[in-house]
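Subject: Structure for you to look at

Hello,

Here is the structure I said I would pass on. Please open it next to this message and follow along.

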Amino acid sequence: MSMFHASQVSASSAKSTTPATASLMRWVVIATLPGVLAMTYYFGLGVLSNIALATIMGALLEAGMLRLRNRPIAPALTDTSALLTGVLLGASLPPASPWWLIGVGMIAAVVIAKQLYGGLGHNPFNPAMAGYALLLVSFPTYMTLWAPPQPLISDTLWAQILGTLPTSQLDALSGATPLDAFKHKAEGLSAEQFWLSAPLPEQTLAAWYSISLAWLAGGVLLLFKRIISWHIPIALLGSLVALATLFHLLDPNCFASPLFHLLTGAALFGAFFIATDPVSAATSQRGKLLYGMGIGVLIIVIRNLGGYPDAVAFAVLLMNLCVPLIDLYTVPRPQGHSKGAPGALR
Amino acid sequence: MSQWQALTRDGLWSNNPALVQLLGLCPLLAVSTTVVNSLGLAIATLFVMVGASTAVSLVRHRVPNAVRLPAFVMIIAAFVTCAELLMAAYAYPLYQLLGIFIPLIVTNCAILGRADAFASRQPVGLAALDGLMMGVGFGSVLVLLGGLRELLGQGTLFSDMALLLGPIAANWQLTLVDDYQFLFFVLPPGAFFVAGMLIALKNVIDQRRAARALSSAATPRTERRVRVTGIIK
């Protein structure tokens, strides 16, 4: 995935634009550091092993596919877009995921969602989220295995990564994310009773809050460096909070508060690091606002009414599908042209 | 190449209903989860295709043009009903498993398409052969897709073949990978994905063939002269 590909609009020479792409891409990778470090602090080295495996496999797959397609390998690898896809997918997966799970996800992301569609700049779907969605649909047992916060190096780390941990022990490790726990709380239980019953291991909520805020810090860095524009994240988070508030006011026992939606799932991570991928997002400013709003609305609709506790991946992929339509209807009017003038796409 | 050969080649390869015409995709994608499901539906579709093409060709001079489509649909529906009853009689468990997709063969546009485009204008022999070849072409892709999805999704092949072939096939199941499940290939998206890959594979084979034919065809040596337009042979 290329986060920063705007400089490649002319697409005349991949070489001349690579340094710019790579330098922006480096900033994005730097901006993921707070989030990644916070996750590592709470969930252990499994987070780093995910990212390491995903980036290595991503680079290998990218090189292999480019070779098959008879394309130059070096420029595509040095623009670090495969590295970023690896970081984002690695950070999305449950810590210490087995190597084969990461491999299947990266194949779906790099080989299918990116290279089969024509490579960097041509992918209609966000590669990391395509990989994530395929894994979530295919291997629900592994994908919902979020262990509660744990020490840096857990006893079962190696066995988990190598995939040799027996299923029985695997089940013992699993815990629920806060979104998951609230979604599946006993029916008839009011929200207050639910929280009083201490449904989650200690620290879990604090861990998720801190991680979300760390992603926010990285996102603010990206905004500050003008690497992303504000349109998508603000539209996404604004519509998410608005719709979550509406649901919460209608039935506070059934639908969690907007703050809970904002801080316990992947909302902030998605808003700043996933939805802003310029290749698969809308292009004009109005288009970006619509695109971001669509994602925010879909996240809440799926979380509150659908079957999955979190929904960033599905929401982003569904809005990726709408991007051609959004772009068609939000072509900026050139200065001096009146509405409906010839040349204005209607 | 005789007309018969051309029809055979069209149905099986160059105008394959599933890979080239992309007709009848609904049952193709919905049912192709295992070999036995695919084979059941493939046989039923083949039966309907041959029967409908033959019957349409037989009545082609009697049916007024204005009502030809309703008439053809009625003929197809009659054959589908036969297929459904036969399946209920001889392969009841499979009949239950395939459920709505057996009656839905009526809506398989490959069948109506061939009836209207070919059988209604051709003598009986050719129409029947066309129905047979189109049916085999469709069915073989269906079975191939079913096999690939079963293999990739559950790690088995030929599981539950007894549903169709009776007790003789009770232990035909090949388990290639134990304790394996990849839900993506079991669920509908996997069908789209594998079907897309098969179409891509066919196109690659066609391109390679065309390239080979081009390079092996002896390019006649031509004489180049100055001040002529074009090449003189």
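Start with residues 12–33 of chain B: the C-alpha atoms at the two ends of this span are 22 Å apart, and the span is 45% helix and 0% strand. Keep in mind throughout that this is a predicted model.

I began with that span since it appears in a record. In an unreviewed UniProt entry, the annotation "transmembrane region" covers residues 12–33, 39–59, 71–91, 97–115, 127–148 and 182–201 of chain B. Such annotations may be inferred rather than shown by experiment. Another of these spans, residues 97–115 of chain B, is 47% helix and 0% strand. Its end C-alpha atoms lie 28 Å apart.

Chain B as a whole

Chain B has ten helices and two strands. Read from the N terminus, the order of its elements is α-α-α-α-α-α-α-β-α-β-α-α. The C-alpha trace spans about 75 × 55 × 30 Å along the principal axes. The radius of gyration of chain B is 22 Å, whereas a compact globule of 233 residues would have one near 17 Å. Of those 233 residues, 37% count as buried. Among contacts in chain B with a separation of 6 or more, 75% are made by residues 24 or more positions apart.

One residue in chain B has a backbone angle worth checking. F158(B) is not a glycine, yet its phi is positive, at about 55 degrees. You will find F158(B) in the loop between β1 (156–157) and α8 (162–165) of chain B. Is F158(B) buried or exposed? Neither label fits: F158(B) is partly exposed, because 18 other C-beta atoms lie within 10 Å, and a residue needs 20 or more to be buried.

Chain A as a whole

Chain A has 17 helices and zero strands. Its radius of gyration is 20 Å, close to the 20 Å that the globule rule gives for 346 residues, so chain A is as compact as a globular protein of that length. Its C-alpha atoms fill a box of roughly 65 × 50 × 35 Å along the principal axes. Buried residues account for 49% of the 346 in this chain. Of the contacts in chain A with a separation of 6 or more, 75% join residues 24 or more positions apart.

How far to trust chain A

The average pLDDT of chain A is 85, and 90% of its residues score at least 70. Over residues 1–17 of chain A, however, the pLDDT is below 50. That stretch still has 41 contacts in the model beyond near neighbours in sequence. Where pLDDT is low, the predicted coordinates should not be read in detail. Confidence in chain A is lowest in helix α9 (residues 167–173), with a mean of 68, and highest in helix α13 (residues 231–250), at 95.

A helix and two loops in chain A

Does the length of a helix agree with its number of residues? Helix α12 (residues 204–224) of chain A has 21 residues, which at 1.5 Å a residue should span 30 Å; the end C-alpha atoms are 30 Å apart, so the two agree. Its buried residues include T204(A), W208(A), I211(A), W215(A) and L222(A). Just after α12(A), R226(A) has a positive phi of about 60 degrees.

N70(A) also has a positive phi, near 60 degrees, and is not a glycine. N70(A) sits in the loop between α2 (46–68) and α3 (74–78) of chain A. This residue counts as exposed because it has 6 C-beta neighbours inside 10 Å, and the limit for exposed is 12 or fewer.

The second loop, between α16 (285–305) and α17 (312–329) of chain A, contains G306(A). With 14 C-beta neighbours inside 10 Å, G306(A) counts as partly exposed. Apart from neighbours within four places in sequence, G306(A) is in contact with V301(A) and A311(A).

The nonpolar core

Which residues have the most contacts inside the largest nonpolar core? They are V316(A), V48(B), A52(B) and I76(B), in a core of 153 residues. Helix α3 (residues 35–58) of chain B gives the most to this core, with 14 residues. To see part of it, select V48(B): beyond neighbours within four places in sequence, V48(B) is in contact with I76(B), F79(B), V80(B), A83(B), I105(B) and I111(B).

Regards

Conventions
Residues are numbered from 1 along each chain as its sequence is written. Chains are lettered from A and ligands numbered from 1 in the order in which they are written. This is a predicted model: local features need pLDDT of at least 70, side-chain atom pairs count only at pLDDT 80 or more; totals for chains, interfaces and linings use all residues. Helices (H or I, at least four residues) and strands (E, at least two) are DSSP runs, numbered from the N terminus. Two residues are in contact if their C-beta atoms, placed from the backbone, lie within 7 Å. The radius of gyration is taken over C-alpha atoms; the globule rule is 2.2 Å times the number of residues to the power 0.38. pLDDT is the predictor's confidence in each residue, from 0 to 100. A nonpolar core is a set of buried Ala, Val, Leu, Ile, Met, Phe, Trp, Tyr and Cys residues joined through C-beta atoms within 7 Å. The expected span of a helix is 1.5 Å times one less than its number of residues.
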